[in-house]
Amino acid sequence: MASPYVTFSREQWRGLRASTPLTISDEELACLQGLNEKLSLTEVADIYLPLSRLLNLHVGATQELYQATHTFLGNLEKKVPFIIGIAGSVAVGKSTTARILQTLLSRWPNHPKVDLVTTDGFLYPNRILEERGLMKRKGFPESYNTRRLVSFLSDVKSGVSEVAAPVYSHLVYDIVPDEWQIVREPDILIVEGLNVLQTPLDENQRRLTEVFVSDFFDFSIYVDAQEDLIKKWYIDRFKLLRQTAFSDPASYFKRYASLSDTEATQVATSIWNEINGINLRKNILPTRGRARLILEKGEDHMIQKVKLRRL
Ligand SMILES: Nc1ncnc2c1ncn2[C@@H]1O[C@H](COP(=O)(O)OP(=O)(O)O)[C@@H](O)[C@H]1O
Ligand SMILES: CC(C)(COP(=O)(O)O)[C@@H](O)C(=O)NCCC(=O)O
């Protein structure tokens, strides 16, 4: 079967930077560096700037299509947000990618307001996960309230002026009761989470929802890497969290703060082997081919290939 994707090597993709009219100031670079001190600025210039241009062209074309439709219909409905989904394994770099794109996309004059929502807010609270025996299945399709996520996206895409998303705390390891992220008519909404390209089934093997999360996307990105690299990034992040989040007295994982390097590697390896690795192979990787664009990472999170689906 012929591939529906056009593949760009790193060099070819970098070459497309020439068609990106915006450059990036030192101040903005410093702001991006604040998102992730390990992020290479060459990577921003070579990979993420051309990507922001591609997305800008897509948003512009969609805005024009709206305009044309409304001229045809003779009414003036307000425009609705352009929605971008970002999928991929735990620890592959979805949140970092999402935050880079949020910053870069907000610099374009025709779409300055870019909001970001992560799907962890749509996990069931621990109370329900415990009842259902799913505490070791966080991130698996059945751990999410997918109907609620679909209804949230449906409201955003219908132009509802204020839509509330529930909030998850990695520190407390649970949904925060009575805390909401309010999405107020952004130009672009980025929805990031490992489940965003999934098409879950109910216990009778029927579609769980009439429409899927990805039906609301105008564009989708899958962040990809070999599992051995992702596993390493997961373990590295876990070790780093000992000095940061885990040492907070409010942390659900405060017992991990005092682990030695060897112990931390063992704990993170077993969480990977028992939860995140299984989820990647069973539920996440099979959705890769549904993405419009695939970012393929190698060592040190450097993008090696970009695959763009022909329309
Ligand atoms: N582009 C990047 N360059 C360098 N490090 C990165 C990059 N993207 C992610 N990382 C690092 O990899 C780890 C996982 O990234 P994160 O964005 O938290 O992943 P996810 O949201 O997929 O779980 C973090 O330690 C992060 O600092
Ligand atoms: C919260 C997550 C399920 C990811 O959520 P997402 O925003 O991708 O929906 C994941 O980061 C997680 O906590 N997994 C549980 C196993 C672990 O501690 O790695």
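**Alanine 225, a seven-stranded sheet and two ligand shells**

Me: Between which two elements is the loop that holds alanine 225?

Reply: This is a predicted model, in which local features need pLDDT of at least 70, side-chain atom pairs count only at pLDDT 80 or more, and totals for chains, interfaces and linings use all residues. Residues are numbered from 1 along each chain as its sequence is written, while chains are lettered from A and ligands numbered from 1 in the order in which they are written. Helices (H or I, at least four residues) and strands (E, at least two) are DSSP runs numbered from the N terminus. On that basis, the loop with alanine 225 lies between E7 and H7.

Me: Is alanine 225 buried or exposed?

Reply: A residue is buried if 20 or more other C-beta atoms, placed from the backbone, lie within 10 Å of its own, exposed if 12 or fewer do, and partly exposed in between. Alanine 225 has 23 C-beta neighbours inside 10 Å, and therefore counts as buried.

Me: With which residues is alanine 225 in contact, leaving aside its neighbours within four places in sequence?

Reply: Contact requires that the C-beta atoms of two residues, placed from the backbone, lie within 7 Å. Isoleucine 303 is 78 residues away from alanine 225 in sequence and 9.1 Å away in space, C-alpha to C-alpha. The contacts of alanine 225 beyond four places in sequence are Val92, Ile230 and Lys297.

Me: What is the order of the strands in the open sheet?

Reply: Strands of a sheet pair through backbone hydrogen bonds, either parallel or antiparallel. Here two strands count as paired if DSSP finds at least two bridges between them. The open sheet has seven strands with mixed pairing, and their order is E1-E9-E8-E7-E2-E6-E3.

Me: Which strands stand at the edges, and by what angle are neighbouring strands turned against each other on average?

Reply: E1 (5-9) and E3 (114-118) stand at the edges; each has a single partner strand, so one side of each lacks a neighbour in the sheet. Axes are lines fitted to C-alpha atoms, for helices over the stretch in contact, and angles between N-to-C directions run from 0 to 180 degrees. With direction ignored, the average turn between neighbouring strands of this sheet is 20°.

Me: Which helix packs on the sheet, touching E2, E6, E7 and E9?

Reply: The strands touched are E2 (82-88), E6 (188-192), E7 (219-224) and E9. The direction of the helix makes about 140° with that of E2. The helix spans residues 41-73 and is H3.

Me: How many residues of E2 are buried?

Reply: On one side of E2, Phe82, Ile84, Ile86 and Gly88 are buried. On the other side, Ile83, Gly85 and Ala87 are buried as well. The count for E2 is seven of seven.

Me: Which residue of E6 is the bridge partner of isoleucine 86?

Reply: E2 and E6 run parallel and are joined by five bridges. Isoleucine 83 has leucine 189 as its bridge partner in E6. For isoleucine 86, the partner in E6 is glutamate 192.

Me: Which residue of E7 is the bridge partner of alanine 87?

Reply: E2 also pairs with E7 in the parallel sense, over five bridges. The E7 residue bridged to alanine 87 is tyrosine 222.

Me: In what sense do E8 and E9 pair?

Reply: E8 covers residues 293-297, and E9 covers residues 303-309. Leucine 295 stands opposite valine 306 in E9. The two strands share five bridges, and their pairing is antiparallel.

Me: Which helix gives the most residues to the shell around ligand 1?

Reply: A residue is near a molecule or strand if its C-beta atom, placed from the backbone, lies within 6 Å of it. Of the 15 residues around ligand 1, Gly93, Lys94, Ser95, Thr96 and His301 come nearest. H4 (94-105) and H7 (227-241) each supply at least two residues of this shell. The most, three residues, come from H4.

Me: How many charged residues does the shell around ligand 2 have?

Reply: Ala, Val, Leu, Ile, Met, Phe, Trp, Tyr, Cys and Pro count as nonpolar, Asp, Glu, Lys and Arg as charged, and the others, Gly among them, as polar. Residues around ligand 2 include Asp120, Lys138 and Asn195, and the largest share of the shell, three residues, comes from H8 (residues 261-284). By class, the shell has four nonpolar residues, six polar residues and a number of charged residues equal to two.
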